[in-house]
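Dear colleague,

Please find below the structure that I am handing over to you, with its sequence. My notes on what was found in it follow.

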There are 2 protein chains.
Amino acid sequence: MAKVRVHSFGLSLDGFGAGRDQSLHDPLGVRGFDLMEWFLATRVWRAMHGQDGGETGVDNRMAEQGFANIGAWILGRNMFGPVRGPWPDESWKGWWGEEPPYHVPTFVLTHHARKPLEMKGGTTFHFVTDGIHAALERAKAAAGARDIRIGGGASTVRQYVQAGLVDELHLAVRPMLLGEGEPLFAGLDWRAVGYECFKHVAGERAMHVFLRRKA
Amino acid sequence: MAKVRVHSFGLSLDGFGAGRDQSLHDPLGVRGFDLMEWFLATRVWRAMHGQDGGETGVDNRMAEQGFANIGAWILGRNMFGPVRGPWPDESWKGWWGEEPPYHVPTFVLTHHARKPLEMKGGTTFHFVTDGIHAALERAKAAAGARDIRIGGGASTVRQYVQAGLVDELHLAVRPMLLGEGEPLFAGLDWRAVGYECFKHVAGERAMHVFLRRKA
């Protein structure tokens, strides 16, 4: 059965999924990019960016799993871009250039309507203004038998977790301190909502932890 | 030079160093004992409790390091026991029976005076009522050239970190959710205080992360 998954979500030791002050210059907030260091060295990442080589160890295997069998993505608006408030025009097309790494229908949560945006390589961004449940329904319809991946950021993941709508999460815990930023856990009792850890794997640059919603 | 160290401090994935509602029944709070699961399987733990056997892998090596070259300990009062407020009598002598695992002078932070308590095996509990700095000075005098180990709990560790008095910390991050309890990081910007991660080692049942105060 199709699952709703979070995968390759980088987390600092002190519990942040992004740094503070996200901007055009710092898509993951101040120092937030370091959360992805485990990913940058992998063959998967390099192939996504048209480069050869890269490591093929545990971190790479974890990254690979994140792209297997995904039929639709859901992104928070901040993960789509740094623009806030109503869209001034159609010029912002995501952080990823002409060919984003999604290659399937991708639903962007926003309070401000915008018409769908078709990109190269199979990604179409759909802007959903009627909330997380509506976005998930549309993503499920688009994905069919395949899984839905919730890309982030932290706030979007928390909303779906709090509603009990995420089946499985993979977190890449990085041995680093961000100090401040977007908390993943603080202020939300994941255990009470019904989540548990069920697996962990040591990677080269992160501890990979898997959580699921208890049956 | 002698260091002030925190070692073998168990931390849940969601950032808690103990569960809620510490009590005689739950010295580490509700479900907090699971934080120590990495330690219970080790040869070090078993030897401390007069048992043979136990694992001798990475987790065991980490546990061993925590007892090397320690000349004095500092404990928060909750780590010493569940008694709150003024000491009703001298009957509470710690969680550890007649021979506690410290074997050196051990300074207990409390607001309520009590005369020193000499136990078997070299541990003497000294009750310090004039704050964390005073306790550290006394511990340093007692330890001489050896290190001071700050045992915990989370609140005691945070106070010493916030004051910049801890040189090095070893955290054993467990792949588990506590949901609620005593936070180690939340509400305190460790990075701003001057701490950084400098090493991590994958253990059998925990990710071992080392932090230090930047020079």
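**Salt bridges**

Across all chains, a search of the whole structure finds 18 salt bridges. Please keep in mind throughout that this is a predicted model.

One of these salt bridges joins A:Arg20 and A:Glu180, whose closest N and O atoms are 2.6 Å apart. The pair links distant parts of the chain, 160 residues apart: A:Arg20 belongs to the loop between S2 and H1 of chain A, and A:Glu180 to the loop between strand S8 (168-174) and strand S9 (182-183) of chain A. Both partners are partly exposed, A:Arg20 with a relative accessibility of 33% and A:Glu180 with 34%. A:Asp21 also takes part here, since A:Arg20, A:Asp21 and A:Glu180 are linked in a network of salt bridges.

A second pair in chain A is A:Arg212 with A:Glu196, where the N to O distance is 3.0 Å. A:Arg212 lies in strand S11 (residues 207-213) and A:Glu196 in strand S10 (residues 195-202) of chain A, so this salt bridge ties together parts that are 16 residues apart in sequence. A:Arg212 is partly exposed at 35% relative accessibility, and A:Glu196 is partly exposed at 25%.

In chain B, the side chains of B:Lys3 and B:Glu168 form a salt bridge at 2.9 Å, N to O. These residues are 165 apart and link distant parts of the chain, with B:Lys3 in the segment before S1 and B:Glu168 in strand S8 of chain B. B:Lys3 counts as partly exposed, its relative accessibility being 35%.

**How the two chains meet**

Chain B is superposed on chain A by a rotation of 180° with 0.0 Å of shift along the axis, and the RMSD is 0.0 Å. The two copies are thus related as by a two-fold rotation axis. Within chain B, the residue that comes closest to this axis is B:Ala202, with its C-alpha at 2.9 Å. Of the interface residues of chain B, 100% are also interface residues in chain A, so the copies meet through the same surface.

In the interface, 25 residues of chain B are in contact with 25 residues of chain A. The area buried between the chains is about 2100 Å², and carbon and sulfur atoms give 76% of that area. On the side of chain B, the residues that lose the most area to chain A are B:Leu13, B:Leu177 and B:Arg191, which together account for 30% of what that side buries.

Between chain B and chain A the count of salt bridges is zero, and the count of residue pairs in polar contact, both at pLDDT 80 or more, is zero as well. Four elements of chain B each supply at least two residues of the side that touches chain A: strand S8 (168-174), helix H7 (190-193), strand S10 (195-202) and strand S11 (207-213). S10(B) gives the most, with five residues. By class, that side of chain B has 15 nonpolar, two polar and eight charged residues.

**A buried threonine and a helix**

A:Thr123 sits in the loop between strand S5 (117-118) and strand S6 (124-128) of chain A. A:Thr123 is buried, its relative accessible area being 0%. A polar atom of the A:Thr123 side chain lies 2.6 Å from the backbone nitrogen of A:His103. Beyond its neighbours within four places in sequence, A:Thr123 has contacts that include A:Pro100, A:Tyr102, A:Val104 and A:Leu117.

In chain B, helix H3 (residues 58-65) has B:Val58, B:Asp59, B:Asn60, B:Met62 and B:Ala63 buried. The buried residues of H3(B) pack against strand S1 (4-12), helix H1 (37-40), helix H2 (43-48), S8, S10 and S11 of chain B.

**Backbone geometry to check**

Most residues other than glycine have a negative phi, and most peptide bonds are trans. The following are exceptions to that pattern.

- A:Ser8 has a positive phi near 55°. A:Ser8 is part of strand S1 (residues 4-12) of chain A and is buried, at 14% relative accessibility.
- A:Asp21 has a positive phi of about 55°. A:Asp21 is exposed, with a relative accessible area of 51%.
- The peptide bond from A:Gly152 to A:Gly153 is cis, with omega near 0°. A:Gly153 falls in the loop between strand S7 (147-152) and helix H6 (154-162) of chain A.
- In chain B, a cis peptide bond joins B:Gly152 and B:Gly153, with omega about 0°.

With kind regards

Technical notes: Residues numbered from 1 in each chain as written. Chains lettered and ligands numbered in written order. Predicted model: local features only at pLDDT ≥ 70, side-chain atom pairs only at ≥ 80, totals over all residues. Heavy atoms only, no water. Least-squares fit on C-alpha atoms with pLDDT ≥ 70 in both. Contact = heavy atoms within 4.5 Å. Buried < 20%, exposed > 50% of the residue type's maximum accessible area, 1.4 Å probe, protein only. Polar contact = N/O pair within 3.5 Å; in protein donor to acceptor, adjacent residues only side chain to side chain. Buried area = accessible area lost by both parts, 1.4 Å probe. Salt bridge = Lys/Arg side-chain N within 4 Å of Asp/Glu carboxyl O. Nonpolar A, V, L, I, M, F, W, Y, C, P; charged D, E, K, R; others polar.
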